[in-house]
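Visitor: I would like to learn how the side-chain features of a model are read, one kind of feature at a time. Could we begin with charged pairs and then go on to rings and the surface?

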Amino acid sequence: MQDDALHAVVVGAGTMGTTLAKLMATQGVNVIVVDTNPRVLETSRLSMRESAAAVGFVSELTAGKSPDFVIESVTEDVAVKQKVIAQIETSVADSTIIMTNTSGIPIDELAANMRLPQRFLGTHFFNPADIVPTVEVVPGSHTKASVVDMACRWLKQLGKRPAILNTCVPGFVANRIQHAVMRECLALLERGVVEPEALDDIVQYSIGVRMALNGPLCQRDLNGLDTHLNIARYLYPDLDARDKPAALLEDYVVQGRLGAKAGRGFYRWSDESRAQQQAQERESLQRIIDIATQHAKGNAS
């Protein structure tokens with residue numbers, strides 16, 4: 001595998017697939033995007049044209065010059081992903097590393113029907129994939145250590161921060177933490193403790209800004225573990241611990257309040273406000289990442 005002439009394929013031209021391709025193209029990787037839906041593929045192509053990135057677009061992955069890496073980035077459905085992964089495996093060389101961008105489906109479940117599961121692993125990028133630095137790297141029980149090493153080296157070449165999980169658990173790490181936080185947020189809303197706008201302000205401008213500079217474990221070290229333990233002793237019994245989604249969330253989905261894409265979730269959205277929020281988020285994320293990176297360098301020096 002020649003690092004200066006890498007070829008990659010992204011299967012799935014949705015939001016994540018498009019930003020994955022953009023990331024690779026801007027880092028000099030020869031990349032092709034595959035999607036069987038012509039409309040989705042065209043939307044992705046137009047988005048990439050605006051960014052002046054050189055990417056190929058095709059409706060199917062055919063045998064030919066085999067890529068070094070393939071990233072599956074289709075819908076979060078086990079059966080769909082297994083089918084796509086099987087198609088990928090029959091279309092590439094045995095040396096090609098196959099990755100899944102699942103956000104939490106167990107890797108062994110997705111690899112159950114693979115002929116060579118040892119060259120398969122999870123690489124969970126975060127949206128937008130071309131900006132957010134960390135990638136959860138999740139080996140399956142059959143994944144070879146050399147495959148993990150090669151994947152991590154490539155991710156670093158793309159400017160990413162690969163974070164390897166020792167064990168694959170449902171939801172991996174980020175989504176487990178995110179859902180634990182959201183469970184408590186929904187419980188507080190249901191109990192009438194706080195309104196959505198105030199809750200977002202509290203999280204964004206207290207916990208959020210601090211965690212951009214220090215992870216939760218580092219933050220607890222700075223605050224003192226004895227202090228954390230004392231608070232945990234009286235607080236844990238009152239925290240939400242249900243093992244089913246909140247009724248508020250179930251009700252919103254039934255009502256069609258699916259979030260920005262539907263025009264209403266916790267807030268009301270228009271196409272304009274949604275686009276404005278997403279554009280502002282990309283710009284702000286990059287500034288926050290730059291500050292966090294400088295902060296980390298300062299701590300290391």
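Guide: Let us start with a charged pair, keeping in mind that this is a predicted model. Arg287 forms a salt bridge with Glu283, and the closest N and O atoms of the two side chains are 3.1 Å apart.

Visitor: What is the general idea behind such a pair, and how are Arg287 and Glu283 placed in helix H11?

Guide: Side chains of opposite charge can pair when their charged atoms come close. In this case the two residues are four places apart in helix H11, so about one helical turn separates Arg287 from Glu283. Arg287 is partly exposed, because its relative accessible area is 46%.

Visitor: How many salt bridges does the structure hold, and which residues are joined into one network by salt bridges that share partners?

Guide: The structure holds ten salt bridges, and those that share partners join Glu72, Glu76 and Lys81 into one network. Within it, the side chains of Lys81 and Glu72 meet with an N to O distance of 2.4 Å.

Visitor: Is Lys81 buried or exposed, and what holds for Glu72?

Guide: Lys81 has 0% relative accessibility and therefore counts as buried, and Glu72, with a relative accessible area of 0%, is buried as well. For another bridge, consider Glu190 and Arg242, whose side chains meet at 2.9 Å, N to O. This pair links distant parts of the chain, with Glu190 in helix H6 (residues 174–190) and Arg242 in the loop between H9 and H10, 52 residues apart. Glu190 counts as partly exposed because its relative accessibility is 34%, and Arg242 is partly exposed with a relative accessible area of 26%.

Visitor: Turning to rings, how is an aromatic pair described, and how many does a search of the whole structure find?

Guide: A pair of aromatic rings is described by the distance of the centres and the angle of the planes. The search of the whole structure finds two aromatic pairs. In one of them, the ring centres of Phe69 and Trp154 are 4.1 Å apart and the planes lie at 5 degrees, so the pair is stacked. Phe69 belongs to strand E4 (residues 69–72) and Trp154 to helix H5 (residues 145–157), so the pair ties together parts that are 85 residues apart in sequence. Phe69 is buried, at a relative accessible area of 1%, and Trp154 counts as buried at 2% relative accessibility.

Visitor: Which arrangement do the rings of Tyr252 and Phe266 have, and why?

Guide: The centres of these rings are 5.6 Å apart and their planes are at 55 degrees, so the pair of Tyr252 and Phe266 is tilted. It links distant parts of the chain, since Tyr252 is in helix H10 (residues 247–254) and Phe266 is in the loop between H10 and helix H11 (271–300), 14 residues apart. Tyr252 counts as buried at 17% relative accessibility, whereas Phe266, with a relative accessible area of 31%, is partly exposed. In addition, the charged end of Arg257 sits over the ring of Tyr252, 3.8 Å from its centre.

Visitor: Finally, which residues form a nonpolar patch on the surface?

Guide: The nonpolar patch on the surface is formed by Ile231, Tyr234, Leu235, Tyr236 and Leu239, which together have about 500 Å² of accessible area. Ile231 is found in helix H9 (residues 225–235), and its relative accessibility of 34% is why Ile231 counts as partly exposed.

Note on methods: Residues numbered from 1 in each chain as written. Predicted model: local features only at pLDDT ≥ 70, side-chain atom pairs only at ≥ 80, totals over all residues. Heavy atoms only, no water. Patch = residues over 30% accessible without salt bridge, like charges linked within 9 Å, V, L, I, M, F, W, Y side chains within 5 Å. Areas by Shrake-Rupley, 256 points an atom, 1.4 Å probe, with all protein chains shown as cover. Salt bridge = Lys/Arg side-chain N within 4 Å of Asp/Glu carboxyl O. Buried < 20%, exposed > 50% of the residue type's maximum accessible area, 1.4 Å probe, protein only. Phe/Tyr/Trp six-rings, centres within 6.5 Å; stacked < 30°, edge-to-face > 60°. Lys NZ or Arg CZ within 6 Å of the ring centre and 35° of its normal.
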